[in-house]
Amino acid sequence: MTAGEDRQARRPVVAIVDYGIGNLRSAHKAIEKVGADARLTADTVEIEKADAVVLPGVGAFGACMRALHDSGLTAVVLDAAASGRPFLGICVGTQMLFDASDETPGVAGLGILPGVVRWLPPGVKRPQMQWNRLTITAADEQIFSRFDDEAWMYFVHSLHGAPEDAGDVIATVEYGGTINAAFRRGSVLATQFHPEKSAHDGLALLTSFVEGIGVG
């Protein structure tokens, strides 16, 4: 095999940022399953060199932000999001990309998606813990290229992102009103749902994410 053929055959390296929160194995396994060389890592050099970066999150906004800062990985995450490499936030990892959250007033987010994370509307059960059907609002979004008429994703959340620019929203769901479910700003993709727990449709989305990663 020539050097050029070796580069073509190389699986894209996806760094899943391990900053000490929750069980991230499901995200790791799902991304590995759809063809990436997925690496669950807290190594700054490995994150810097990866072809793409994933920021997961479970639990509370404030606790996740504190864990990220305590891990010393905040700067490398910010650099990755600004680098132009594909970047994916999942669940609370998505919420961390915003400026702030109503869940933990006074705690700053990463400021990658301008806006604030708001509570789900009054009158609905919190958290939303169920499958829900996406309404795709960005018809040309590559990440949804494998979907036909509808896609069902699994949600576990009590808040959702409210970006300053409505154009950052690429999918919504209905839950006591219209809830923002997925976002795109440049190379940064973010999902409030858990694609790694969303069976066929979630794997289809992750496949599109991995297929969109350039390998140098």
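Me: Which elements do the buried residues of α4 pack against?
Reply: This is a predicted model, and in it the buried residues of α4 are F61, G62, C64, M65, A67 and L68. An α-helix has 3.6 residues a turn, so residues three or four places apart point the same way. The partners of those buried α4 residues are α5, α6 and β5.

Me: What is the phi of the glycine just after α4?
Reply: Helix α4 covers residues 61-71. Just after α4 comes G72, and its phi is positive, at about 80 degrees.

Me: How far is the sulfur of C64 from the closest cysteine sulfur?
Reply: C64 is one of the buried residues of α4, with a relative accessibility of 1%. Its closest cysteine sulfur sits in C91, too far for a bond, since a disulfide needs the sulfur atoms within 2.5 Å. The gap is 8.6 Å.

Me: How many disulfides turn up in the whole structure?
Reply: Look at it from the side of C91, whose closest cysteine sulfur is in C64 and too far away for a bond. C91 counts as buried too, at 4% relative accessibility. A search of the whole structure gives a disulfide count of zero.

Me: Where is C91 found, and what is its phi near?
Reply: C91 lies in the loop between β4 and α6, which is residues 92-95. Its phi is positive, although C91 is a residue other than glycine. The value is near 55 degrees.

Me: Which residues does T104 touch, leaving out those up to four places away in sequence?
Reply: T104 belongs to the loop between β5 (98-101) and β6 (113-119). T104 and A63 are 41 residues apart in sequence, yet their C-alpha atoms are 8.9 Å apart in space. The residues that T104 touches are F61 and G62.

Me: Which elements do the buried residues of α5 pack against?
Reply: Helix α5 runs over residues 74-82, and its buried residues are T74, V76, V77, A80 and A81. Those residues pack against helices and strands alike: α3 (44-49), α4, β1 (13-17), β3 (52-55), β4 (87-90) and β13 (188-191).

Me: What phi does the glycine just after α5 take?
Reply: Helix α5 ends at residue 82. Just after α5 we meet G84, with a positive phi of about 90 degrees.

Me: Which elements do the buried residues of α2 pack against?
Reply: Helix α2 spans residues 25-33, and A27, H28, A30 and I31 are its buried residues. Following α2 is G35, with a positive phi near 115 degrees. The packing partners of the buried α2 residues are β1, β2 (37-41), β3 and α7 (199-211).

Me: Is A199 buried, partly exposed or exposed?
Reply: A199 is found in helix α7, and its phi is near 50 degrees, a positive value in a residue other than glycine. Its relative accessible area is 48%, and since buried means under 20% and exposed over 50%, A199 falls in between. That makes A199 partly exposed.

Me: Which two residues does a cis peptide bond join, and what is omega?
Reply: Look in the loop between β6 and β7 (128-133), because that is the place of P127. A cis peptide bond joins P127 to R126, with omega at about 5 degrees.

Me: How does the radius of gyration of the protein chain sit beside the globule rule? What is its value?
Reply: The protein chain has seven helices and 13 strands. The globule rule gives 17 Å for 216 residues, and the radius of gyration is close to that, so the chain is as compact as a globular protein of that length. Its radius of gyration is 16 Å.

Me: What percentage of the residues of the protein chain count as buried?
Reply: Along its principal axes the C-alpha trace spans about 60 × 45 × 30 Å. The chain exposes about 9500 Å², with carbon and sulfur atoms supplying 49% of it. Of the 216 residues, the share that counts as buried is 52%.

Me: What share of the contacts with a separation of 6 or more comes from residues 24 or more positions apart?
Reply: The pair of T104 and F61 is one example of a touch within the chain. For the protein chain, residues 24 or more positions apart account for 68% of those contacts.

Me: How far apart are the mean positions of the positive and negative charges?
Reply: The protein chain carries 18 positive and 26 negative charges. Their mean positions are apart by 5 Å.

Notes:
Residues numbered from 1 in each chain as written. Predicted model: local features only at pLDDT ≥ 70, side-chain atom pairs only at ≥ 80, totals over all residues. Heavy atoms only, no water. Helix = DSSP H or I, 4+ residues; strand = E, 2+ residues; numbered from the N terminus. Rg over C-alpha atoms; globule rule 2.2 N^0.38 Å. Buried < 20%, exposed > 50% of the residue type's maximum accessible area, 1.4 Å probe, protein only. Contact = heavy atoms within 4.5 Å. Areas by Shrake-Rupley, 256 points an atom, 1.4 Å probe, with all protein chains shown as cover. Lys, Arg positive; Asp, Glu negative; His and termini not counted. Charge placed at Lys NZ, Arg CZ, Asp CG, Glu CD.
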